[in-house]
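Please explain how the helices of this protein pack against one another, and how selected loop residues are placed around them.

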Amino acid sequence: MPRPSPDKTMSLREAVAAFVHDGDTVALEGFTHLIPTAAGHEIIRQGRRDLTVVRMTADIVVDQLLAGGCVRTLVSSFVGNSSAGSLGELRRRIEHADPEPLEFQEYSHYGMICRYLAGAQRLPFYPLRSYAGSDLPRVNPAIRKVTSPYDGEQVAVVPPLNPDVTIIHAQRADRSGNTQIWGLTGIQAEAVFAAEKAIVVVEEIVADEVIRSDPNRTVVPAHAVDAVVECPRGAHPSFAQGYYDRDNAFYRAWSGISKDRARLTAWMAEWVYGTADHAEYVAKLGDGFWAGLAVGEALSEPVNYGRRL
């Protein structure tokens with residue numbers, strides 16, 4: 001008989017306590033879709049300090065982690081509020097060292113992808129062409145050049161990225177960590193493979209048979225996962241395809257909230273420190289709010305190839 005699969009389920013509080021420590025390098029990935037916001041909030045609640053936060057697109061969750069005093073170093077490319085404005089706390093830290101300076105290691109978007117690829121494959125570096133003509137190598141000494149052993153060409157390279165822990169959000173997983181994502185995917189798999197430990201936060205934990213019945217959706221296999229957390233609506237204000245829509249009103253409001261430190265402090269006190277966990281955060285928003293983000297069925301229409309277009 002096959003051995004039973006290990007049960008890696010934990011609460012979010014337990015997973016963060018076990019795998020996120022002061023001074024760690026923590027990757028939080030999900031591109032526009034499935035952003036691990038609930039995990040970021042739990043890191044803040046637990047008072048983690050001196051983290052190096054890695055996120056390809058530093059956005060609202062990074063702004064909140066900065067406001068929570070969790071971050072010493074940020075490794076990122078694109079920085080902003082998802083086409084809806086700016087990040088007030090991040091700007092204060094970088095532009096004015098207020099309340100303290102933030103070390104910012106800047107790469108291009110593809111440069112970050114290459115760092116994860118190198119880390120996942122345990123390579124010493126990863127080559128890319130897209131820094132030609134860029135001034136990023138001038139501000140980031142970790143972007144270097146090597147000489148091709150084949151034709152002598154100079155090629156830019158970036159170092160591997162191996163986080164202490166990677167945290168991702170996904171639609172569903174089984175209890176051992178086989179994780180399924182569909183819709184807009186990003187660098188989640190490579191970020192997990194590159195890390196020493198991995199926490200997967202999901203909308204729902206499902207039976208093994210559900211995962212096995214649809215294997216093409218399995219992006220992260222169980223052997224790469226250390227903790228599985230069921231946390232419905234844990235990606236808000238981003239979206240989870242098939243579960244809830246993007247909260248565009250929140251994205252638009254965030255610039256005003258984070259620009260004013262008093263408003264930001266009040267928001268953190270009410271919505272992060274003032275909630276015991278993400279379930280309380282969800283309940284505080286209310287059923288009517290979630291009804292407004294509900295998604296319906298979007299079945300594909302059968303194609304009639306004989307029909308004239």
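**Helix packing and loop residues**

Helices H3 and H4 lie oblique to each other, a label given to angles that are not under 35 degrees (roughly parallel), over 145 (roughly antiparallel) or 65 to 115 (roughly perpendicular). The model is a predicted one, in which local features need pLDDT of at least 70 and side-chain atom pairs count only at pLDDT 80 or more, while totals for chains, interfaces and linings use all residues. Residues are numbered from 1 along each chain as its sequence is written, and side-chain values use heavy atoms, with hydrogens and water left out. Helices (H or I, at least four residues) and strands (E, at least two) are DSSP runs numbered from the N terminus.

The geometry of this first pair can be stated in more detail. H3 covers residues 60-67 and H4 residues 88-96; their axes come within 7 Å and cross at roughly 60°. Such axes are lines fitted to C-alpha atoms, for helices over the stretch in contact, and the angles run from 0 to 180 degrees between N-to-C directions. The crossing of H3 with H4 is left-handed, meaning that the near helix is turned anticlockwise from the far one by less than a right angle, whereas a clockwise turn would make it right-handed. On the H3 side the contact is made by Val62, Asp63, Leu66 and Ala67, and on the H4 side by Gly88, Glu89, Leu90 and Arg93; contact here means heavy atoms within 4.5 Å. Sorted by class, these residues are four nonpolar, one polar and three charged. In this scheme Ala, Val, Leu, Ile, Met, Phe, Trp, Tyr, Cys and Pro are nonpolar, Asp, Glu, Lys and Arg are charged, and the others, Gly among them, are polar.

Asp59 belongs to the loop between strand S3 (57-58) and H3. Is Asp59 buried or exposed? Asp59 is buried, because its relative accessible area is 4%; buried means under 20%, exposed over 50% and partly exposed in between, with a 1.4 Å probe and protein chains only. The side chain of Asp59 forms a polar contact with the side chain of Arg55 at 2.9 Å. A polar contact is a pair of N or O atoms within 3.5 Å; within protein, one must be able to donate a hydrogen and the other to accept it, and residues adjacent in sequence count only if both atoms are side-chain atoms. With neighbours within four places in sequence set aside, Asp59 touches Ile35, Gly80, Ser82 and Leu87.

A second helix pair is formed by H1 (residues 12-19) and H2 (residues 37-45), which pack at an angle of about 65° with their axes 10 Å apart. The crossing of H1 and H2 is right-handed. Leu12, Arg13 and Val16 in H1 meet Ala38, Ala39, Glu42 and Ile43 in H2, a contact with five nonpolar, no polar and two charged residues. H2 is largely enclosed by the rest of the structure, because nine of its nine residues are buried. Among the buried residues of H2 are Thr37, His41 and Arg45. Just after H2, Gly47 adopts a positive phi of about 70°.

Backbone features also mark two further loops. The loop between H4 and strand S6 (103-106) holds Pro99, and the peptide bond from Asp98 to Pro99 is cis, with omega near 5°. Ala97 lies in the loop between H4 and S6 as well; its phi is near 50°, a positive value in a residue other than glycine. Ala97 is partly exposed, with a relative accessible area of 36%.

The loop between strand S14 (227-230) and helix H9 (248-259) contains Pro237, which follows His236 through a cis peptide bond with omega near 15°. Arg233 is found in the loop between S14 and H9 and has a positive phi of about 65° although it is not a glycine. At 30% relative accessibility, Arg233 is partly exposed.

Finally, Asn178 sits in the loop between strand S10 (165-173) and strand S11 (179-180). Asn178 is partly exposed, with a relative accessible area of 21%. The side chain of Asn178 makes a polar contact with the side chain of Asp174 (2.9 Å) and reaches the backbone nitrogen of Ala222 at 2.9 Å. Apart from neighbours within four places in sequence, the contacts of Asn178 include Arg172, Ile211, Thr218 and Pro221.
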